[in-house]
Protein chains: 2
Amino acid sequence: MSRPAKFDRDEALQAAMLIFWEKGYHATSLKDLECALKMKPGSIYSAFCNKENLYLLALGLYVQRSINRFRAHMEQANSPLTGLAEYIRGFARLAPEDVACQVCMLTKTLVDATSTEPKIADQAKIHLGHIRQAFADAFERAKAEGELPDHADCTHLARRFQGTIAALRFELHLGIEQTDIAALAEELAGDVETLRLNAPDHPHLITATSFGVTPT
Amino acid sequence: MSRPAKFDRDEALQAAMLIFWEKGYHATSLKDLECALKMKPGSIYSAFCNKENLYLLALGLYVQRSINRFRAHMEQANSPLTGLAEYIRGFARLAPEDVACQVCMLTKTLVDATSTEPKIADQAKIHLGHIRQAFADAFERAKAEGELPDHADCTHLARRFQGTIAALRFELHLGIEQTDIAALAEELAGDVETLRLNAPDHPHLITATSFGVTPT
DNA sequence: TGAGTTAATGATCGATTACTCAACAACTTT
DNA sequence: AAAGTTGTTGAGTAATCGATCATTAACTCA
């Protein structure tokens, strides 16, 4: 029975995600979406209800992919703490592809939508909490493997980790030199690895020469 | 000769700054501006040319005030490094007034305007550079007063300082608990003070228990 | 093949957008 | 008080906004 849909829903959602990510909610018009999704207005509305709902779906896709990518990255890491540090370094490598996709879409959403689209902002906050939880889980695994002291506050570490990444991505967005970005990422990643207990080459004796800590 | 203007230009610019800061460039309509400035469209256009120009002027006012406030704060500080640390703590205190004004307007501008309003984005980048320079100057003073080692990279420290503040303000924006914000701000401020050389109660021997460094 | 079902279309909707301008008002100067 | 100059006004511009829907096209099943 009936006629099957011609368009690929996942493909369309991905296209929506990319254009929303690039331009933001308010600056993305239906015309933009028509071009990006290669669908006429009627089809968009029958498939996704309205612009707000489409944005929420696109944001969900973004979060799902982000968490999947993080988990996949952590699985192939030598240790949880190494994986977390390496995750930071990764941002310096993906640098110059799309100017607008360097800022986290959730950050952008919150900044863009808080005062005008509370529904979207609330959802973004929930998503950010989930990502933070994925980070916290990784720190918990680090603790379980003896990389962190028992009294370490993993939720707090996750918050700091998330803030660190946001700051790094914002520098990316600002467009500073590739070498500076790499150095900054290296420094931030080093801060994470400095948390490690009993590291043979990273004793607890450290001196602060920059913002974070640099082992001597 | 001629009729004098009825409206107060500074007052109008301040009102524009506040509403732009709250809603962002795209989500602020001329209707919003008419209400906020208490001016009719014709008057707005005769006084400020167009929406983009009004935004640029409002952003300029924001930056001027930000830098003035920072300089004033630093002048009444016991030392440059203490002033910088205290500046961070200050963000935790101003917490819950306006939900939308917790994020730096320049950050918001860059996120909001990069892909659609290059002129505004470029100006925001320039402004951010000026603020960073004000931070760097403060670090230089700290170095001159012997609070930092001679080899300290003040530009780099300023960048980290700016990123730290952005991350803290983003947490404010997320609406975490007042006590958590205070603790986070205290920790971040502590990281700054840990840079101090020859502090009698902060020897160089420190252990990393959180992200930054905590003196033992 | 024809009946039934649903996807796709795009002209069109009213509302809103940034913006303009001719008419008017208010002030200064002569 | 008259002339001259400039600020203020708000109805109105064309364009675009998000969203709709009658119509048509494309498929499945009997």
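A cavity is a set of grid points where a 1.4 Å probe fits but cannot get out. The exercises below apply this and related terms to a predicted model.

**Exercise 1. Describe the second largest cavity: its volume, its lining and the elements that supply the lining.**

Solution.
1. Start with the count, which comes to 4 cavities of 30 Å³ or more.
2. The second largest cavity holds about 210 Å³ of space.
3. Its lining has 17 residues, and those closest to the centre are Thr107(A), Phe170(A), Thr107(B), Ala166(B) and Phe170(B).
4. Both chains take part: α6 and α8 of chain A and α6 (105-113) and α8 of chain B each supply at least two lining residues.
5. The largest share, 5 residues, comes from α8(B).
6. By residue class, the lining of this cavity divides into 12 nonpolar, 3 polar and 2 charged.

**Exercise 2. Describe the largest pocket and the residues that line it.**

Solution.
1. About 800 Å³ of space lies in the largest pocket.
2. Of its 37 lining residues, Tyr62(B), Ser66(B), Arg69(B), Phe91(B) and Arg169(B) are the closest to the centre.
3. The elements that give two or more residues to this lining are α8 (154-174) of chain A and, from chain B, α1 (9-23), α4 (51-75), α5 (80-93), α7 (118-144) and α8 (154-174).
4. With 7 residues, α4(B) makes the largest contribution to the lining of the largest pocket.
5. The lining of the largest pocket consists of 21 nonpolar, 7 polar and 9 charged residues.

**Exercise 3. Carry out the same description for the second largest pocket.**

Solution.
1. The volume of the second largest pocket is about 670 Å³.
2. The lining numbers 33 residues, with Tyr62(A), Arg69(A), Tyr87(A), Phe91(A) and Arg169(A) closest to the centre.
3. Two or more lining residues come from each of α1 (9-23), α4 (51-75), α5 (80-93), α7 and α8 of chain A, and from α8 of chain B.
4. The element that gives the most to the lining of the second largest pocket is α4(A), with 7 residues.
5. The lining of the second largest pocket divides into 20 nonpolar, 7 polar and 6 charged residues.

**Exercise 4. Classify the aromatic pair of Phe139(B) and Phe161(B), and place both residues in the chain.**

Solution.
1. A pair of aromatic rings is described by the distance of the centres and the angle of the planes.
2. Over all chains the count comes to 24 aromatic pairs.
3. For Phe139(B) and Phe161(B), the centres are 5.8 Å apart and the planes stand at 85°.
4. Planes over 60 degrees apart count as edge-to-face, and the pair is edge-to-face.
5. Phe139(B) lies in helix α7 and Phe161(B) in helix α8 of chain B, 22 residues apart, and the pair links distant parts of the chain.
6. Both Phe139(B) and Phe161(B) are buried.
7. In chain A, one aromatic cluster is formed by Phe70(A), Tyr87(A), Phe91(A), Phe135(A), Phe139(A) and Phe161(A).

**Exercise 5. Locate Thr116(A), and state whether it is buried, partly exposed or exposed and which residues it touches.**

Solution.
1. Thr116(A) sits in the loop between α6 (105-113) and α7 (118-144) of chain A.
2. Its relative accessible area is 22%; buried means under 20% and exposed over 50%, so Thr116(A) is partly exposed.
3. Leaving out residues up to four places away in sequence, Thr116(A) touches His26(A), Lys23(B) and Ala27(B).
4. The side chains of Thr116(A) and His26(A) make a polar contact at 3.1 Å.
5. Thr116(A) and His26(A) are 90 residues apart along the chain, and their C-alpha atoms are separated by 9.6 Å.

Definitions and conventions:
Residues are numbered from 1 along each chain as its sequence is written. Chains are lettered from A and ligands numbered from 1 in the order in which they are written. This is a predicted model: local features need pLDDT of at least 70, side-chain atom pairs count only at pLDDT 80 or more; totals for chains, interfaces and linings use all residues. Side-chain values use heavy atoms; hydrogens and water are left out. Helices (H or I, at least four residues) and strands (E, at least two) are DSSP runs, numbered from the N terminus. Buried means under 20% relative accessible area, exposed over 50%, partly exposed in between (1.4 Å probe, protein chains only). Contact means heavy atoms within 4.5 Å. A polar contact is a pair of N or O atoms within 3.5 Å; within protein, one must be able to donate a hydrogen and the other to accept it, and residues adjacent in sequence count only if both atoms are side-chain atoms. On a 1 Å grid over the protein atoms alone, a cavity is a set of points where a 1.4 Å probe fits but cannot get out, and a pocket is an open set with protein on both sides within 12 Å along at least five of seven lines; lining residues have an atom within 4 Å of a point. Grid points are joined across faces, edges and corners, and a volume is the space filled by probe spheres set on the points. Ala, Val, Leu, Ile, Met, Phe, Trp, Tyr, Cys and Pro count as nonpolar, Asp, Glu, Lys and Arg as charged, and the others, Gly among them, as polar. Rings of Phe, Tyr and Trp (its six-membered ring) pair if their centres lie within 6.5 Å; planes under 30 degrees apart count as stacked, over 60 as edge-to-face and the rest as tilted.
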